[in-house]
Each structure stands twice: as C-alpha cells, then as structure tokens.
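Hi,

Here's the structure I said I'd pass along. Have a look at it first, and then read on for what turned up.

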Amino acid sequence: MKFLLKRRAKIMSRENFLGWKQVFLFSFKEGIREKSYRGLLITFCAILLVSAPIMTFVKNNGSKKDANSSISVVLVYDATGMQISYQDALAGGRYQNTAVIGQPEDGFEEKLQELEKAEGSTEVAVRLAYDANGYFDMTVAHAKGSGISEEDLNMACEDLKQYFQKARLQALHVSKEQADYLNQSVESSVEFLTEDGKLSQEESSGISYQEYMVMLVGIMVVTMFISFSGTQVATAVVTEKSTKVIEYLILHVKPLALLIGKVLAVFLLVLIQFACMGASYLLSVVLNSAIWRGQAQNPADAFSDFTSCLVAASPATILLSLLVILAGVLFYCIFAGLIGASVSKMEEMTEGMKMFQFIMIVGAYLSIGLCIAEMAGGANVLLENLCIFLPLSTPFIVPAMLLMGKASVAAGLASLAILFAAIVLLFLFTAKVYGTMILYQGKTLKVKQIIGIAQNKEIK
C-alpha cells in the first residue's frame with residue numbers, strides 16, 4: 001500500500017507537469033495555423049450559414065410562392081349555419097387576381113355538374129359543412145384539365161382553412177384566449193390506495209416521441225463532439241511520433257506534461273469549431289427569416305418544438321449539463337491520447353483507433369437503448385442507473401435527461417463526480433504508461449500489452 005502511494009505521489013509530482021503550458025500554447029497555435037483546420041471550419045460554417053435559406057428556397061420551389069395563384073375564382077358554399085363573410089378570405093399577395101364569392105346562388109351539386117362540363121375552367125368550388133362525427137369537413141372541386149397546379153390548390157385550401165378557423169371564433173363571439181382555454185388537452189392520472197389508506201398518484205412512465213427525438217439529437221451532437229476531439233488528439237500524437245518530433249520534445253518536457261498540453265489544446269480547438277458552427281446555424285435561421293420574411297418559419301418557432309421538452313431547463317441544470325459534456329469529452333480525449341501513443345505510423349491509425357471507436361459506440365448505444373426503452377413505456381431502473389452513472393455513457397444521456405427533468409440534479413452531480421473519478425483514474429493509468437508508449441516504435445500495441453507496461457513488464 002505504501003509503495004502504491006509513493007508511486008502515485010511520484011506520478012503526481014510537480015516536476016512531471018512542468019512545461020504543459022508551453023506544450024498547450026504551441027499545440028494550439030500550430031492547430032489554428034493548419035490549413036486543414038481552418039479550411040474545414042470555414043467550409044462547415046459556410047454550409048451551415050446558407051443551410052436554412054436554401055432549405056426554405058427548396059421548400060417554396062424558388063419564387064413560385066410569390067407568383068400569382070392560377071385560381072381565378074373560389075366559390076365557397078358554407079353549410080355550417082354560421083354567418084361568415086368570405087370576401088377577404090384570400091386577399092392580397094398572390095391572390096390579387098383571385099376572386100372569392102361566398103354563398104353563390106347556385107347550389108354546390110349544381111356547380112359540380114357545371115365543372116364537369118367546363119373543361120379548362122380555373123374556378124374552384126369549396127363546401128364547408130359540419131360532420132355528424134364532430135368535425136368540420138372541407139370538400140374542394142375543380143374542372144378537369146383546369147391547369148391549376150396542385151401547389152396552388154393546396155396553398156389556397158390551407159389559407160382558406162386558417163381564415164375559417166379565425167372567422168368561426170368571431171362568429172361565435174369567442175376570443176382567442178377563450179379558444180386556447182377550451183382547446184387545452186385533458187390529462188388523466190391514476191390514483192390508488194396505499195397500505196396505510198392514503199391516496200398515491202401513479203407516476204407516468206416512458207417518454208413521448210418528441211422527447212425521444214430531443215434525446216437522440218443530444219446523443220448525436222455529443223457523439224460528434226467526442227469523435228472530433230478524440231480523432232484529433234490521436235492524430236496529433238501519431239503525427240509527432242511518426243515524424244520523430246516527439247524525440248526532441250521528450251528531452252525538454254516530461255511525457256505527462258506533453259499529454260496534458262496536447263489534450264487541452266485539441267479540446268479547445270474542437271470547442272472553437274463547435275461554437276462557430278452553432279453560431280453559424282443560429283445566424284442562418286435569423287438570415288432565413290430576414291430574406292424570406294413571411295414565407296420562412298419564425299426564429300422563435302424554429303426551436304419551439306425542441307425547447308418545449310426542456311421543462312427542467314434552468315441556469316443550474318444547463319451549467320451542470322455543460323460540465324458533464326465537457327468532462328465526458330476530456331475523458332475520451334485522454335483515452336484517445338493513450339490509443340494514439342500505441343500507434344507508431346499514420347498508416348496504422350485506422351487499426352489503432354478501433355478500440356477508441358468501440359468504447360465510444362458502446363457508450364452511445366447504451367444511451368440509445370435507454371431512449372428506446374423509455375419510448376416503449378419506461379426503462380428498467382437498472383438500465384437507467386447504468387446509463388446515468390457509467391462514465392462511458394454519462395456524457396451522452398445525462399445532459400438531455402437533466403434538461404428534460406428525467407434525472408434529478410442530485411443524480412447529475414453524482415454522475416459528474418463518478419465521471420471525474422474515472423478521469424483521475426484514467427489519467428493516473430495513462431501517466432504510468434505514456435512515457436514508455438510515446439517512444440515505442442513497432443506494431444500497434446494491444447490492450448494486454450498496455451496493461452503489461454503499467455505492470456512494468458517488457459513489451460513482446
């Protein structure tokens with residue numbers, strides 16, 4: 001036990017950390033100057049910057065949405081019994097050449113017969129009626145070979161439906177607030193008697209499809225962050241080994257300081273990448289709204305479906321979620337540095353990174369499995385606790401669960417503490433073997449050989 005403590009104290013001595021700042025600054029400056037880094041960053045940011053406007057352009061089919069509608073007349077046959085005026089139902093904009101006639105003299109059936117004979121007519125007949133099953137029915141008819149595009153017809157029907165929704169509330173003297181109140185969903189809960197005779201409410205299990213998608217998006221983003229960071233750390237280590245630069249550096253800086261400086265520099269570089277990419281997409285949404293104005297989704301509404309699931313989002317849970325993600329990325333970066341030190345040539349990089357990718361996929365797939373189980377009606381408590389407290393899966397699933405209120409702050413703090421403990425243990429293990437591995441030249445080291453180095457065994 002005393003030997004173990006002495007060895008750990010030796011590893012953690014101040015002398016082993018000297019020079020990490022210089023390595024950090026050197027690696028960071030070199031990384032920023034690399035054409036590949038700047039080129040990739042500029043490319044991603046440029047794509048994200050124009051993504052929202054281009055998607056809106058494709059959705060609107062270019063300028064077709066601004067073009068005048070091919071419908072000349074819309075005849076509305078209202079059989080609902082409500083006194084609604086349709087004179088301004090389709091007014092202005094693309095409907096400037098479209099006339100709307102409410103309650104024509106002829107009946108809807110007569111108009112149908114007329115449209116059957118009037119081939120090429122650009123008139124549209126619409127009947128609104130209240131169905132016995134409890135909903136309003138809209139029937140639309142137009143002549144064969146009318147030349148009215150399906151897009152024009154769908155847009156006119158949608159605009160007319162929205163007008164009818166507002167007009168019927170006004171006809172019934174119902175305000176928007178009253179309508180919102182009446183349209184509130186009715187939620188039911190099941191209560192049961194406990195053994196002591198008290199009522200207890202049964203907790204709802206599972207998650208909704210919307211919550212499921214939010215969790216999947218969170219897992220995807222964290223996976224990208226970890227993959228980018230880990231790959232760059234391993235690549236930087238292998239590059240220095242293959243170019244013999246490491247032999248020069250090792251004369252001036254301790255291996256442990258070299259690892260810390262390299263990991264933190266790459267970590268910051270990837271953080272800058274993702275921050276710029278996130279800012280580019282947010283700016284893209286704002287530009288999209290400014291370019292297309294009324295034709296694009298409101299920036300506030302663009303993320304409303306996403307943010308509506310984050311019921312427990314608060315400064316405390318947001319900060320805790322960010323700490324969990326950053327700690328998780330740091331954990332995987334240290335592991336990637338260890339894997340990179342086991343590879344001697346760039347040609348063997350793919351083979352060497354298989355272990356890193358396998359561990360990362362295990363963590364991500366455990367989190368996805370929990371999402372699927374929750375979606376199916378509620379996950380097993382053992383699986384949920386495993387995903388929350390296992391360091392491999394913690395950064396993938398805990399942030400989303402915290403923000404959605406599916407995990408308590410206490411559970412989040414406990415998972416963060418376990419993750420930090422895992423980082424310290426991995427760091428201590430890496431510190432024991434990194435000095436030997438960084439100078440190793442030969443075939444890619446296996447897990448058994450790395451453990452052997454930690455036990456001071458000769459590499460075979």
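A nonpolar core, as used here, is a set of buried Ala, Val, Leu, Ile, Met, Phe, Trp, Tyr and Cys residues joined through side-chain atoms within 4.5 Å. Keep in mind that this is a predicted model.

With that in hand: the largest such core has 63 residues, and the ones touching the most other members are Met 215, Ile 226, Tyr 332, Phe 356, Phe 396 and Ile 397. Two or more residues come from each of α7 (209-242), α9 (255-292), α12 (315-341), α14 (354-375), α15 (381-389), α16 (394-403) and α17 (409-437). The biggest giver is α12, with 13 residues.

Ile 397 is a good place to zoom in. Not counting neighbours within four places in sequence, Ile 397 is in contact with Met 215, Ile 219, Ser 367, Leu 370, Cys 371 and Cys 387. There's also a second, separate core of 20 residues, with Ile 71, Met 82, Val 100 and Leu 153 among them.

Now the cysteines. The disulfide count comes to zero. Take Cys 371: the nearest cysteine sulfur belongs to Cys 387 and sits 8.4 Å away, whereas a disulfide needs the two sulfur atoms within 2.5 Å. Is Cys 371 buried or exposed? Buried, because its relative accessibility is 0% and the cut-off for buried is under 20%. Cys 157 also counts as buried, since its relative accessible area of 19% is still under that 20% limit.

On to the sheet. It's an open one with four strands in the order β2-β1-β3-β4, and the pairing is mixed. The edges are β2 (99-102) and β4, each pairing on one side only. On average, neighbouring strands are turned by 20° against each other, ignoring direction. Helix α4 (residues 108-117) packs on this sheet, touching β1 (73-78), β3 and β4, and its direction makes about 150° with that of β3. Helix α5 (residues 150-171) lies across β1, β3 and β4 too, running at about 145° to β4.

If you want one strand pair to click through, try β3 (residues 123-131) and β4 (residues 135-142): they run antiparallel and are joined by eight bridges. Leu 128 has Met 138 as its bridge partner in β4, while Asp 131 is partnered by Tyr 135. The two strands form a hairpin with three residues between them, and Gly 134 in the turn has a positive phi of about 100°.

Cheers

Methods:
Residues numbered from 1 in each chain as written. Predicted model: local features only at pLDDT ≥ 70, side-chain atom pairs only at ≥ 80, totals over all residues. Heavy atoms only, no water. Pairing = 2+ DSSP bridges. Axes fitted to C-alpha atoms, helices over the stretch in contact; angles between N-to-C directions. Contact = heavy atoms within 4.5 Å. Buried < 20%, exposed > 50% of the residue type's maximum accessible area, 1.4 Å probe, protein only.
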